[in-house]
Amino acid sequence: MWQVCTGAGSQFIQLPWFLPWGHFSVAADPVSIFFLVPVFIIPTLGSLYGWEYWKHSDHPQSGRRIILSYGFLAGAMALVVLARDGVLFLIVWECMAVSAYFAATAEENNPDVRQAGWVYLIATHMGTLCLLAMFALWRHATGSFGLEAAQAIPGGLAGSIFVLALIGFGFKAGLMPVHVWLPGAHANAPSHVSAVMSGVMLKMGIYGIVRMTALLPIGEAWWGAALLVVGAVSAMVGIAFAMGQRDIKRLLAYSSIENIGIVAMGLGLALLGRSFGRPELIALGLGGALFHVWNHSLFKSLLFFNAGAVIHAAHTRDMDRLGGLAKQMPRVASLFFAGAVAISALPPLNGFAGEWLLYLGFFRGLDQSMGKAGAAVGLAAVVLASVGAMVLACFVKAFGSVFLGSPRSDTMRHINDPHRSMLIPMVLLTAGCLGLGLVPMAAAPMLEKAVQAWSGSEQLLNISFLAAFAPLPSISAVGLLFVVIVAAFIAVAIRLIQTNPPCKAPTWDCGYSRPTARIQYTGTSFVQSLVRLFRFVLLPKFINPALRGYFPERTQFRVVIIDVVLDRFAVPLFHASGRFFSSLRIMQQGHTHLYLMYIVSIVLILMMLGSL
Amino acid sequence: MLDTVIHVILLLVMPPLLIGVINKTKAWFGGRVGPPLLQLYYDIFKLMRKSMVLSDTTTWIFVAAPLVTLAAVLVAGLLVPLGHAHAPISFVGDLILFAYLFGLARFLTTAAALDTGSSFEGMGASREVTFACFSEPALFFAFLVLAKISGSLTLSDILRATVDVSVTASAPLILIAIGLFVVLLAENCRIPVDDPNTHLELTMIHEVMVLDHSGPLLGVILYAASLKLFVLGGVLLHIITPSYAAMRWFDWPLFMVQMVCLAAAVGVVESVMARLQMRHVPYLLVFALISCGFGFLLLIR
């Protein structure tokens, strides 16, 4: 494996195999290795975390089930990125999907969990269905199930394979509008399972798109444009939904859709670069996308671990009932702060370094040679900027309403930082975020190898091109300068506080002599004006109480935000098709001999058709 | 080297003067004498010697926020070319770092506001993040125009290249200059978006977020706010002012005069306009966004 990292080409293994189709062939090339890094790191940290979080003594029913399915999930993901045969790929893909189902539905007595599990199962199998069709077309086009670069595939066929891959893998990656399973499954799974699902399993969808686009011959410009648009929509709508959530894990889940959208935008840029023959767009687009894959698995797992620690202690996921936890859980609060800054793509943490590459790519697409397409690429930078501003609002809301201010209920006063075995994984992930942010060059060698392996472009071979297109050392220098300045300021502030100690007083109460914690700005009120701005996609339901008379009755204000795609489109569609197909129940009478007769008659019909 | 030294000295020393100029202009319009030109310097020095009052509710975020904000704005100030000189730090893609440093400042300021647990400050923070969702894309449209005109991704190049462009490119430049001026007013919380002189109005953003800060922390906040005006003004000046003479002894005084004129212009706007109703502010910001967007459209047509 080390040889692959250092560039000695790929390692290939083929073993005998008893199925009628395909081969058991696995290989490790730089792209696989790049995706293997999070596959190996995050589940390992997650199992350390889960030791305390999902104690066997507290959950005797589901403890063993989680351990087994969690291990299967990690192993299947490792095989997904190594498989080099369509049949093998589908088998391990299905293993991954099913074990994720069992890991996520550990609390199966809870109806919400069961519901989320069903939606997940349906969605993942619709994705697999597309992949089956895709591999069938692939076999038709290349003559084998082997995942090796195809020489020439007719344009229409290649386009169909691309679209099927985009939809099939898009289901797993959680791209809009096929993200429907994601928020429920992430919110209802145990937190370390959510971390693995969000931090790593979504990336398997991205891996699939990366792998298939590498194997297909150079496509037309609409491939890249499609990914760019799908990514931009996912990013915008995903973060708009995230802002509206009250459930902290649902917020993180929708934010994953946004991050996957950003990755897809990068991939789209790389595809455009490939069809226009522009190596710097390939390098910056794919480089930024892959860098963001790593970054997202670091900070999203960190945030899910943090959220898990909060839920473990406070027994609620509703942010508007939390508050003031920074005093009770100072370590978790600081780590969540780091994660929130990182995911908002703010310097000097790793999120910035990744998005910076993407911005450079979008700005570079702007010059003359790409014509009008270039202007559209430039617009992607504006989309990314507004997404950035919204992510900031979303995570200030999350951090502020959970950890800052004063507690909104009394039960919050008796909770503490979690056990060390839960803190250590978070500390390690934070260190990763800081390290990749301050020294982004560390990722460059693996990134470059992966981009070279993907593009096959002559101009990118054997040079460290990231240094040429994007001066990462400058980012790291400015980041260090910033850290030094902040450290100096903090030293001065500590001196000042020592010489002139501050006095304590309550927060200024604006003239209300008896303030309560309930009048604080909640997360919902914090984003209310933004939610109103995005009324056209979020379709929020404001339940406004009308206060009448001098002594109005007790009443409630509520904002309900539902998932438009799931609740307004997918669920009604399923119900309608369920009603339609229920008429076919006539055929299902429960008599075995009837079924045998069906089989006999179908076989007879097929034989007759075959002999014609 | 000398340019860099002058740059850093101006960056550190000049910003509070701008607030003085704005206040003098407003006083002149109102027929008053107004506070001394150097009032903000006196205020900051006075505040630095005081002790702080910290709320019981607050955590380390509350103390860290002003410090990180100041550091972020300072580093952003090192990325911007002032006058004709090259910025002290410049590299390909520094314009994105520039924009995101202000984002970092915003994150910390709004988090510190929520840290006090005061609903009043939460309201200010909510408005700050909402309005940023308009000003951020406007800024990036402006960057796209500038990058397209100059063919570069370095702030020092894209801002100084715009000095000598043809007439065809000047229409987009005018549009983004208008848009950026509105963004400058909004980001620095000036009238018509926000009134920096009131402390208890229901239409405030920045002042309300820092209501509980006191002593040295408040001094740092006041200074950082003036520095932000200076840095963003530095960007805007490159788009709206004529060419420099490439002579050091002439350019630096010229730059300072221009900066003072910009501050006076802000003062004029504040004197002749009323503050908008809060629910109308998004329209103003959308206007800025559209102005910058049309600038981009004109350029790529």
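Analyst: Let's begin with a term we shall need: helices (H or I, at least four residues) and strands (E, at least two) are DSSP runs, numbered from the N terminus. One more thing to keep in mind is that this is a predicted model.

User: Thanks! Where is Pro348(A) found, in terms of those helices?

Analyst: Pro348(A) sits in the loop between helix H13 (330-343) and helix H14 (350-364) of chain A. The bond joining Pro347(A) and Pro348(A) is a cis peptide bond, with omega about 0 degrees.

User: How should I read backbone angles like that, and which other peptide bond is cis?

Analyst: As a general idea, most residues other than glycine have a negative phi, and most peptide bonds are trans. Here, the bond from Met176(A) to Pro177(A) is also cis, with omega near -5 degrees. Pro177(A) belongs to the loop between helix H6 (155-173) and helix H7 (182-188) of chain A. For phi, look at Leu539(A): not a glycine, yet its phi is positive, about 45 degrees. Leu539(A) is placed in the loop between helix H22 (535-538) and strand E4 (541-543) of chain A.

User: Now the confidence. Where in chain A is it lowest, and where highest?

Analyst: The general caution is that where pLDDT is low, the predicted coordinates should not be read in detail. In chain A, confidence is lowest in helix H1 (residues 2-5), at a mean of 54, and highest in H13(A), at 94. Chain A has a mean pLDDT of 88, with 97% of its residues at 70 or more. For chain B the mean is 88, and 94% of residues reach 70 or more. The model as a whole scores ipTM 0.95 and pTM 0.93.

User: How do I read the interface, and what is the area buried between chain B and chain A?

Analyst: The size of an interface is often given as the accessible area lost when the parts come together. Between chain B and chain A about 6100 Å² is buried, and carbon and sulfur atoms give 78% of that. Tyr100(B), Phe107(B) and Leu114(B) supply 12% of the area that chain B buries against chain A, more than any other three residues. In contacts, 70 residues of chain B meet 73 residues of chain A.

User: How many salt bridges and polar contacts cross the interface of chain B and chain A?

Analyst: The rule finds 0 salt bridges across the interface, but 19 residue pairs in polar contact there. Several elements of chain B each supply at least two residues to the side touching chain A, among them helix H5 (94-115) and helix H12 (281-300). The largest share, 19 residues, comes from H6(B). That side of chain B divides into 46 nonpolar, 15 polar and 9 charged residues. Strands take part too: E3 (residues 503-505) of chain A pairs with E1(B) in the parallel sense over 3 bridges, and Ala505(A) has Ser55(B) as its bridge partner.

User: And how many salt bridges does the structure hold over all chains?

Analyst: Side chains of opposite charge can pair when their charged atoms come close. Over all chains there are 16 salt bridges. One of them joins Asp318(A) and Arg246(A), with the closest N and O atoms 2.8 Å apart. Asp318(A) lies in the loop between H11 (279-314) and H12 (325-328) of chain A, and Arg246(A) in the loop between H9 (221-244) and H10 (248-276), so the pair ties together parts 72 residues apart in sequence.

Terms used:
Residues are numbered from 1 along each chain as its sequence is written. Chains are lettered from A and ligands numbered from 1 in the order in which they are written. This is a predicted model: local features need pLDDT of at least 70, side-chain atom pairs count only at pLDDT 80 or more; totals for chains, interfaces and linings use all residues. Side-chain values use heavy atoms; hydrogens and water are left out. Contact means heavy atoms within 4.5 Å. Buried area is the accessible area (1.4 Å probe) that two parts lose on being put together, summed over both. A salt bridge is a side-chain nitrogen of Lys or Arg within 4 Å of a carboxyl oxygen of Asp or Glu. A polar contact is a pair of N or O atoms within 3.5 Å; within protein, one must be able to donate a hydrogen and the other to accept it, and residues adjacent in sequence count only if both atoms are side-chain atoms. Ala, Val, Leu, Ile, Met, Phe, Trp, Tyr, Cys and Pro count as nonpolar, Asp, Glu, Lys and Arg as charged, and the others, Gly among them, as polar. Two strands pair if DSSP finds at least two bridges between them. pLDDT is the predictor's confidence in each residue, from 0 to 100.
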